[in-house]
Structures are given as C-alpha cells and as structure tokens.
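Colleague: Could you take a close look at one part of this model for me, and set it in the context of what surrounds it? I would like a careful account of how one pair of helices packs.

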Amino acid sequence: MNDANKRIIILGVASAIAEATARIWAAQGARLFIVARDKGRLDTIAADLKTRGAVEVTAVAIDCAKANTALELDAMVKTLGGLDVLLLAYGTLGEQKRLEADPEAVRDLIQTNFTSAVAWCLSASAVLERQRSGTLVVIGSVAGDRGRRSNFIYGACKGGLARLVEGIAHKLAPIGARAVIIKPGFIDTPMTAAFEKKGLLWAKPDVVAGLIVKAAERGGPVVYAPAFWRWIMLVIHHLPTFLFNKLNI
Amino acid sequence: MASPSFVTRDDVLSWGRVHRRPQQVAAPRFCDEFAALLDNRGASSSRLAIGMRRSYGDSCLNSDGAMIDMSGLDRFIAFDEATGTLRAEAGVPLSQILAFAVPRGWFLPTTPGTRFVSLGGAIANDVHGKNHHQAGSFGCHVKSFDLLRSDASSCVVTKENEAGLFAATIGGLGLTGVIEWAEIRLEKIGSAYLDVETIPYVGLDEFWAITEESVEKFEHTVSWIDCSARGAKFGRGIFSRANWREDGVFTPHNDDTWKNIPFDAPALLLNQYSVASFNEVYFRANKAKAGISHQHYAAFFYPLDAILNWNRLYGQRGMFQYQCVIPPDNARAAIAALLNEITRSGQASFLAVLKTFGDRQSPGLLSFPRPGATLALDFPNRGSETLRLLSRLDAIVGHAGGALYPAKDGRLSAEMFRRSFPRWCEFLEYKDPGMNSDFWRRVAE
C-alpha cells in the first residue's frame with residue numbers, strides 16, 4: 001500500500017469528528033469514499049476534501065442506518081480497488097427523557113447506533129479478513145463504559161458496539177488486520193450544542209481526529225479521545241454503587 | 001426569543017473582555033441551516049454573523065438579538081493553483097488558509113496582526129496589515145462573495161454586478177447580511193521567510209524619516225513605540241521593515257502551541273511600573289539585535305499568536321484598544337499630541353503600534369484604512385479613568401480630521417463614529433434590517 005494514497009471509506013462524514021478526520025487524510029493525499037445522508041452537505045465536504053489534496057473523492061448519499069451493508073460495501077471497495085481504512089462515524093445522541101417515553105424512537109436509535117452499525121462492522125470485517133490487511137475504526141463513546149441515568153440508551157448502543165469491535169479486533173489479530181473502537185469524551189460538536197462547554201474536559205473535534213488517524217495506523221483496539229478519559233472512566237467504572245448513585249451524571 | 005437552535009451563553013466575549021452580557025448563539029455547520037436561523041418571523045430579534053471574536057469591543061456582539069457563530073463553516077470550495085484564487089466558506093480562519101496556501105507557495109494578500117480571524121471577519125472589518133502602503137486593505141483583494149440576507153434572498157456580489165452592496169459589505173461589520181463564502185486573490189511568495197531589518201529610533205522625527213525612506217523599498221513596515229518613556233527617551237521605538245525572501249522554503253506555521261494564559265491575571269499585574277520595565281527591556285533587547293535577520297512569517301506577522309489568550313493578561317476587567325488614523329497633513333502634529341497625552345496619563349500598556357497607510361483606496365463605505373498614520377495601543381480597563389483618557393484622545397483625533405477603527409472600539413460616541421465615517425448614511429441604504437450589533441445600536445440608532 002502506498003502510504004500517501006490510502007484507500008479510505010468514511011460512513012457519516014458529515015459528523016464534525018469524521019469531517020475533521022477526513023481533512024487530515026485528504027491533506028495526506030488519500031483516496032476517499034465518503035458517505036452521508038444529505039447530498040448537498042456531502043458535495044460541500046467533497047469539494048473541500050478535494051481542494052485540500054485528496055487524490056480522489058467519491059461521494060455517495062446513503063442512509064447508513066437502512067443500507068444493505070454487504071452490497072454497498074462491496075461496491076465501495078471495488079471503486080477504491082481495496083480498503084485500507086473504514087471509519088464508521090454516523091450516529092445520533094437522542095434525548096434520554098424522550099426516549100424513555102417513546103419505544104418507537106428507541107427502536108430507531110438502536111437501529112441507527114447499533115443494529116445497522118453491527119451489520120457494517122461485520123461486512124467490513126469480512127473484507128479485511130479476505131484482504132488480510134486494513135483497519136476498521138468505529139466511533140463509540142465513553143457513555144458506553146458504565147450505564148448512567150443521563151444517557152443509558154445511547155450508552156447501551158455504544159457499549160454493545162465496543163464489545164463487538166473488541167471481538168472483531170480479536171478475530172482479525174492473527175491475520176494482521178485490525179479493528180479499533182474510539183471512545184470520545186466531551187467533544188465540542190453540534191451533537192453537544194445544548195451543553196455548557198466550559199472547563200478542561202471539553203475538546204475540539206480536531207483532537208479526536210488526530211487520534212483517529214493515529215489509531216488507524218497502529219495501536220490497541222480501544223482508544224480514549226482525548227487519552228485522559230481512560231483514567232476518568234476507570235474511576236467512574238470502579239466507583240462503588242452507593243457513591244455512583246449519588247452522582248447526577 | 002430566538003429559535004431553539006440558539007443557546008444562551010455567558011462565556012461569549014469579544015477580545016477586550018470588557019462587555020459581558022449573555023448572548024444567544026447558534027453554531028451551524030452547513031449553509032442549509034441558515035434559512036431557519038435567519039427566520040425571525042413572529043419575533044423581532046436581530047441576527048449577527050460572527051467569526052472568531054477578535055474584535056476588541058462590541059462590534060461582534062449582539063446582546064439584544066442573536067448571533068450566528070460561523071466557525072463551523074470553514075471549508076475550502078476551490079483553489080486555482082495558476083492564479084491563486086481561493087474560494088472558501090466565511091468561517092475559515094486565516095490560519096487555516098495559510099496552512100493550506102504556504103506549502104503551495106502562496107500567502108494572504110495582506111494580513112492583520114493575528115492569524116486567528118475568519119475570512120468573513122477579515123472582509124467585514126476590511127482589515128489591514130504591515131503592507132498596506134503597497135497592497136491596500138484586505139477588501140482590495142476580494143473578488144466576490146455570496147451574501148445571504150434576512151429576507152432569505154441571496155446573491156453572489158462582485159464589484160461589477162452589485163457595486164453598492166459590495167462596497168457596503170466590505171468593512172460593513174456584518175450588518176449587510178451573512179457572508180456565506182468569499183473568493184480572494186492570494187499573493188505569490190518565494191519563501192515562508194522574510195528578511196527583516198530592525199532599526200531602533202528615538203523621537204518621532206526619526207520615525208518619520210525612516211518611514212519616508214522605507215515605503216518604496218520595503219513591502220512591510222511597522223513600528224513599535226514606547227508610550228511609557230519620558231524625557232530624552234520620549235517617542236523611542238523599534239522600526240521593522242521587511243521583504244519576502246526568495247529561497248523556496250515553504251514551511252507553514254504550527255498552530256499547536258502549549259503557551260496559553262489559562263486564567264485571568266491579577267488586575268495589578270500590568271501597572272505603570274511593570275509596563276515601563278517591560279518596555280525598557282524590550283527596547284534594549286531589540287536595540288541589541290538591530291540589523292537584518294531572517295524571520296519566519298509567523299514570528300514576523302503574528303508574534304502575539306504564540307501565546308493564546310494573551311488578552312487575559314489584562315485581568316478580569318479586560319482592556320480597551322484604541323486605534324486611530326490621522327490624515328497625512330496633520331499626522332505629525334496629532335501623533336505627537338496623542339503620544340504626549342498618553343505618556344502623561346501613565347495608563348498605556350506595552351503594545352503600541354505606529355505605522356503609515358498608503359494611498360490605495362479601501363473599497364468599503366465604512367473601511368477604516370485611509371491615507372495617513374495609524375496608532376494602535378491597549379489600555380487596561382480602569383473604568384472611568386480610562387474612558388476619560390480615551391475621550392481626550394478622541395478630541396485630538398477629531399480635531400485632526402482622523403477616524404477610529406470600529407473593530408477595536410467598545411466606547412466611541414455616535415458623533416465620533418459619524419465624523420470618522422462620513423459615508424455612513426449611504427451605508428444605511430444597504431444595511432440588512434434583520435442584522436444588528438451592540439456597536440451599531442450605540443453609534444447609529
């Protein structure tokens with residue numbers, strides 16, 4: 001593989017983190033296949049990535065939550081002539097309160113954040129296994145590490161996804177392909193627009209993007225972004241229940 | 001009440017950090033979101049598109065309305081390697097344009113003293129740089145832009161097809177609508193480095209002499225002047241003049257800096273004595289390295305960008321910046337008078353910049369740059385004491401037929417604004433009734 005012309009698929013490129021990551025790859029001269037739902041937004045992003053130096057940008061509007069993953073992925077891989085990195089970045093936060101009262105909305109959220117993501121991951125895993133190379137990178141969340149009252153439905157999806165990606169990483173390890181789950185902490189993006197963004201815990205999407213690019217090259221199957229979240233989550237994970245229950249998080 | 005996409009924030013301040021009122025802020029990432037954000041049917045609240053809030057006072061605030069933070073619209077649209085024409089969304093910071101353009105052998109046609117301003121902000125304030133005497137203002141290099149008005153109409157504006165709207169929007173403080181994207185002409189460079197000549201001077205007469213001798217031969221000129229030095233040292237400063245090198249080294253700057261001022265400094269940090277000592281050290285250090293040196297563009301154009309949030313050195317109460325321009329005929333007398341007044345007050349801080357503008361006409365109805373000399377400096381906010389000093393400076397500037405710079409201002413009077421910008425009535429014709437700012441309410445309503 002020519003390092004400068006990596007073949008990369010990005011699902012959900014319109015997310016702030018994915019777009020920031022795509023820019024780094026574009027500047028490195030990657031060949032990109034980018035996917036988002038909205039054709040207009042996708043074209044805007046494609047023009048930017050091309051200007052920044054991507055050797056080739058193919059942009060196709062697909063609703064990832066409803067796609068026939070194996071079919072779509074095969075077509076994408078054929079277009080690129082192989083696959084070096086697949087970044088799965090689409091997802092939705094949902095509103096915990098509303099979700100608890102609306103089973104229909106919960107089903108949609110699980111379909112988007114978990115069920116469809118599992119299908120994409122398995123399809124990607126099959127491609128990587130066949131090639132015996134390449135990396136699957138999936139954006140999870142620190143919310144998946146321990147169920148908390150503020151967002152446990154979203155957290156359940158991301159936690160499940162983390163288990164899946166760990167398993168795929170385990171499966172691919174002997175043949176030289178890789179899988180990585182990225183667990184961002186508080187990131188200043190439109191997804192978190194309603195939160196007060198103060199203090200040192202908040203990071204910009206660029207920071208996560210840098211870690212994703214690095215994780216796609218080398219490293220272990222679980223990456224906290226920024227890295228200090230590993231320690232925060234370690235503490236939260238091991239808090240005794242009587243203390244944990246007192247926290248409004 | 002603004003639409004639900006707007007969030008009330010009390011941490012949104014301008015660079016001077018004096019004006020502190022909650023702001024309604026929305027942060028779109030795509031142009032398709034504007035229609036909903038500009039729609040204020042059923043509510044009379046105004047809008048203002050903002051960039052990186054490097055304006056010092058209240059021209060980038062809209063406390064009585066809502067603001068649209070453009071930083072999420074930071075994409076390139078097209079770049080023509082042959083002509084250097086760049087089209088990009090308005091929220092793209094100049095720092096990103098440089099990171100993109102420098103390795104390709106291009107540079108901004110002119111740049112303000114910080115690279116952390118947005119493309120839209122550079123146009124809306126018609127910013128200027130050290131090469132004004134040759135290149136004119138930023139607006140001189142704008143080919144076209146897309147302007148979205150609050151009535152949901154939008155059009156691509158050029159000097160040719162919409163001369164009035166073009167002139168109103170350049171330097172128009174964001175009040176003619178939302179600039180969605182703009183197309184500018186970059187300048188070809190032969191290196192990322194400059195040959196910089198540093199010349200210490202004592203007294204304004206020397207400053208004027210060096211200026212006269214430099215403007216033809218040097219693309220960039222600027223000087224730092226010590227506003228705390230009295231007696232024999234009065235009017236001393238450091239003149240720098242520079243031209244691009246031609247060595248073909250195109251290393252871009254690095255935005256990753258660990259230098260940050262993470263909290264507000266105590267109010268007493270900057271006082272008459274600490275400033276005077278700093279200035280003494282600075283002057284001597286520069287005097288020692290007088291002569292010619294190679295400097296990277298980041299060191300030459302953006303020395304303060306090396307420390308993020310340097311504005312926090314001024315403490316909780318923030319600071320005022322004062323920047324005026326004095327027409328050529330009155331420049332010598334008025335600059336001397338200003339310097340006298342400032343030195344006497346003992347309130348000046350260390351960042352005083354003196355430079356001359358060239359004759360190239362700025363394209364905007366409300367453009368600040370015009371022929372003459374411009375003086376810019378910071379004052380820690382000490383309440384009415386500071387405001388009284390600034391009013392005394394206004395009197396000198398007004399008497400000399402000069403003008404003040406809205407991007408730097410947070411207190412000038414309506415009368416002073418109207419004297420500074422005699423074409424402001426013409427501007428009214430093009431102002432978008434749905435856009436407004438705290439500054440505009442103060443000076444024009």
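Modeller: What follows begins with the helix pair and then turns to the chain contact, some backbone details and the second chain.

The model is a predicted one, and the part I have chosen is the packing of helix H5 of chain A, residues 103-131, with helix H6 of chain A, residues 152-172. Two packed helices are described by the angle between their axes and the distance between the axes. For H5(A) and H6(A) the angle is about 10 degrees and the axes are 10 Å apart; because angles under 35 degrees count as roughly parallel, H5(A) is described as roughly parallel to H6(A). On the H5(A) side the contact includes A:Val106, A:Leu109, A:Ile110, A:Phe114 and A:Val118, while the residues that H6(A) contributes include A:Ile153, A:Leu161, A:Leu164, A:Val165 and A:Ile168. Taken together, the residues of this contact divide into 16 nonpolar, 3 polar and 2 charged; among its members are also A:Asn113 and A:Glu129 from H5(A), and A:Lys158 and A:Gly160 from H6(A).

Beyond the helix pair, chain A also touches chain B, with 12 residues of chain A in contact with 12 residues of chain B. Helix H2 of chain A, residues 39-52, supplies the largest share of the chain A side, namely 7 residues, and that side divides into 5 nonpolar, 3 polar and 4 charged residues.

Some backbone details deserve a careful look as well. In chain A, the peptide bond from A:Ala225 to A:Pro226 is cis, with omega near -10 degrees, and A:Pro226 is found in the loop between strand S7 and helix H8 of chain A. In chain B, B:Ala152 has a positive phi, near 75 degrees, without being a glycine; B:Ala152 lies in the loop between strands S8 and S9 of chain B and is exposed, with 11 other C-beta atoms within 10 Å. B:Leu173, likewise not a glycine, has a positive phi of about 55 degrees and sits in the loop between helix H5 and strand S10 of chain B, but B:Leu173 counts as buried, with 24 C-beta neighbours inside 10 Å.

As for chain B as a whole, its secondary structure comes to 13 helices and 19 strands. Its radius of gyration is 21 Å, close to the 22 Å that the globule rule gives for 445 residues, so chain B is as compact as a globular protein of that length. Buried residues make up 52% of chain B.

Definitions and conventions. Residues are numbered from 1 along each chain as its sequence is written. Chains are lettered from A and ligands numbered from 1 in the order in which they are written. This is a predicted model: local features need pLDDT of at least 70, side-chain atom pairs count only at pLDDT 80 or more; totals for chains, interfaces and linings use all residues. Axes are lines fitted to C-alpha atoms, for helices over the stretch in contact, and angles run from 0 to 180 degrees between N-to-C directions. Helices (H or I, at least four residues) and strands (E, at least two) are DSSP runs, numbered from the N terminus. Angles under 35 degrees count as roughly parallel, over 145 as roughly antiparallel, 65 to 115 as roughly perpendicular and the rest as oblique. Two residues are in contact if their C-beta atoms, placed from the backbone, lie within 7 Å. Ala, Val, Leu, Ile, Met, Phe, Trp, Tyr, Cys and Pro count as nonpolar, Asp, Glu, Lys and Arg as charged, and the others, Gly among them, as polar. A residue is buried if 20 or more other C-beta atoms lie within 10 Å of its own, exposed if 12 or fewer, and partly exposed in between; C-beta atoms are placed from the backbone. The radius of gyration is taken over C-alpha atoms; the globule rule is 2.2 Å times the number of residues to the power 0.38.
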